[in-house]
Amino acid sequence: MEMLFSIGSVERDTGLSKDTLRVWEKRYSFPQPIRDALGDRSYSIEQVEKLRLLKRLIDSGYRPSKIINLEVLELRALAEQAEKISTRPAHFEKKRDDLRIYLDACKEHRFDDLRRLLSRELLRLGLYRFISEVIAPLNTIIGTLWATGEIAVYEEHLYTESAQVVIRNAISAVSVLPEEGSVGPKILLTTFPYESHGLGLLMAEAIFALEGAKCISLGTQTPIMDIARAAEKQDADIVALSFSEAMNGNHVVEDLSELRSALPRSCEIWAGGSCSVIHRRPPDGIRVLGLEGIGIALADWRQAQPQSQGRP
């Protein structure tokens with residue numbers, strides 16, 4: 001049987017809103033979903049793949065009307081050209097060569113080997129350098145290669161799963177005792193309902209744990225009001241959220257504002273990830289940071305806490 005995806009799944013996976021999908025269907029006759037007995041739309045995996053490529057190209061400056069009727073191979077060629085021109089930094093190829101051992105394991109479907117290689121590098125570098133020097137650049141390269149059709153979607157998913165297994169095992173082994181007189185915030189980590197990518201969140205959790213924070217992970221795709229309730233029940237100091245590049249920026253900003261209004265001002269919201277909108281125009285009361293900024297952000301938080309009220 002053909003694998004089909006609901007319109008909600010397509011929205012989460014591609015970053016294209018439901019309204020956009022409906023408008024394109026009417027205006028351009030693409031996509032062309034199948035309708036079930038209730039009239040609900042379902043999309044084939046081929047249509048989802050094309051929609052991903054269209055989203056990448058539109059983010060690079062292409063107009064939908066100019067590219068929506070192109071074949072997937074033509075879109076891939078455009079995406080490859082756009083990536084080389086606009087988003088691949090000068091050191092991209094060198095970094096890809098440095099990490100080729102992991103990329104080759106992905107392309108050759110040697111995922112047991114990939115986990116062993118990642119685990120070995122984790123032991124050699126330590127968790128912080130492993131996250132910043134291996135996993136972070138690998139994520140960027142894997143995403144770029146997927147956009148240009150050099151790796152398949154399932155290969156990207158299997159890489160993600162392998163990296164998550166290695167990082168989770170490392171987090172469970174971390175035992176960082178707080179320094180005398182220091183305070184470690186209680187941090188609730190999750191993503192919004194339409195964000196299914198959890199690797200960035202897990203990377204942040206690893207850095208938080210190394211910095212002495214107490215982490216409570218809800219996993220991915222948590223409804224906004226459930227995040228607020230969990231933060232209240234867990235007496236969280238910070239809610240940390242991750243957003244991938246595919247997310248619809250307007251939805252992200254609106255939902256961050258909604259969550260901010262649902263939480264007490266004493267509970268901070270920290271957001272990170274590759275969604276460009278949160279870096280360009282974060283809502284009021286939201287702190288946006290990358291992995292490299294976690295240590296500074298935690299130091300700022302500790303500095304602002306009265307020592308008598310801080311948690312040991």
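Biologist: How are α10 and α11 oriented to each other, roughly parallel or roughly antiparallel?

Modeller: In this predicted model, α10 and α11 are roughly parallel to each other, since their axes cross at roughly 20 degrees and angles under 35 degrees count as roughly parallel. The two axes come within 10 Å, and the crossing of this pair is left-handed.

Biologist: Which residues make that contact?

Modeller: From α10 the contact takes Tyr 159, Thr 160, Ala 163, Gln 164, Ile 167, Arg 168 and Ile 171, and from α11 it takes Leu 199, Leu 202, Met 203, Glu 205 and Ala 206. Sorted by class, the contact of α10 with α11 consists of eight nonpolar, two polar and two charged residues.

Biologist: Staying with α11, how many of its residues are buried?

Modeller: Ten of the twelve residues of α11 are buried, so the helix is mostly covered. Among the buried ones are Leu 199, Leu 202, Met 203, Glu 205 and Ala 206, which also appear in the contact with α10, and the buried set includes Ile 207 and Phe 208 as well.

Biologist: And what is its length like, from first C-alpha to last?

Modeller: Helix α11 covers residues 199-210 and reaches 17 Å between its end C-alpha atoms, which is close to the 16 Å expected at 1.5 Å a residue. Just after this helix, Gly 212 adopts a positive phi of about 90 degrees.

Biologist: What span should α10 have, going by its residues?

Modeller: With 21 residues at 1.5 Å each, α10 should span 30 Å, and its end C-alpha atoms are 31 Å apart, which agrees. Several of its residues are buried, including Glu 155, Glu 156, Tyr 159, Ala 163, Ile 167 and Ile 171.

Biologist: Switching partners, at what angle do α8 and α10 pack?

Modeller: Helix α8, residues 111-125, packs against α10, residues 153-173, at an angle of about 40 degrees, and the axes are 10 Å apart. The two helices are therefore oblique to each other, and α8 passes α10 in a right-handed crossing.

Biologist: Which side chains or backbone positions are involved there, I mean which residues make the contact?

Modeller: On the α8 side the residues are Phe 111, Leu 114, Arg 115, Leu 118, Ser 119 and Leu 122, while α10 brings in Glu 155, Leu 158, Tyr 159, Glu 161, Ser 162, Ala 163, Val 165, Val 166 and Ala 170. By class, the contact of α8 with α10 has ten nonpolar, two polar and three charged residues. Tyr 159 and Ala 163 of α10 take part here, and both are also in the contact with α11.

Biologist: Off the helices now, where is the peptide bond that is cis?

Modeller: The bond running from Phe 30 to Pro 31 is cis, with omega near 0 degrees, and Pro 31 sits in the loop between α2 (18-28) and β2 (34-35).

Biologist: What about Ser 29, what is its phi?

Modeller: Ser 29 has a phi near 60 degrees, a positive value in a residue other than glycine, and Ser 29 too is found in the loop between α2 and β2. With a relative accessible area of 43%, Ser 29 is partly exposed.

Biologist: And His 109, where does that lie?

Modeller: His 109 is in the loop between α7 (100-107) and α8, and although not a glycine, His 109 has a positive phi of about 60 degrees. Its relative accessibility is 39%, so His 109 counts as partly exposed.

Key. Residues numbered from 1 in each chain as written. Predicted model: local features only at pLDDT ≥ 70, side-chain atom pairs only at ≥ 80, totals over all residues. Heavy atoms only, no water. Helix = DSSP H or I, 4+ residues; strand = E, 2+ residues; numbered from the N terminus. Expected span 1.5 Å × (residues − 1). Buried < 20%, exposed > 50% of the residue type's maximum accessible area, 1.4 Å probe, protein only. Axes fitted to C-alpha atoms, helices over the stretch in contact; angles between N-to-C directions. Parallel < 35°, antiparallel > 145°, perpendicular 65-115°, else oblique. Left-handed = near helix turned anticlockwise from the far one by under 90°. Contact = heavy atoms within 4.5 Å. Nonpolar A, V, L, I, M, F, W, Y, C, P; charged D, E, K, R; others polar.
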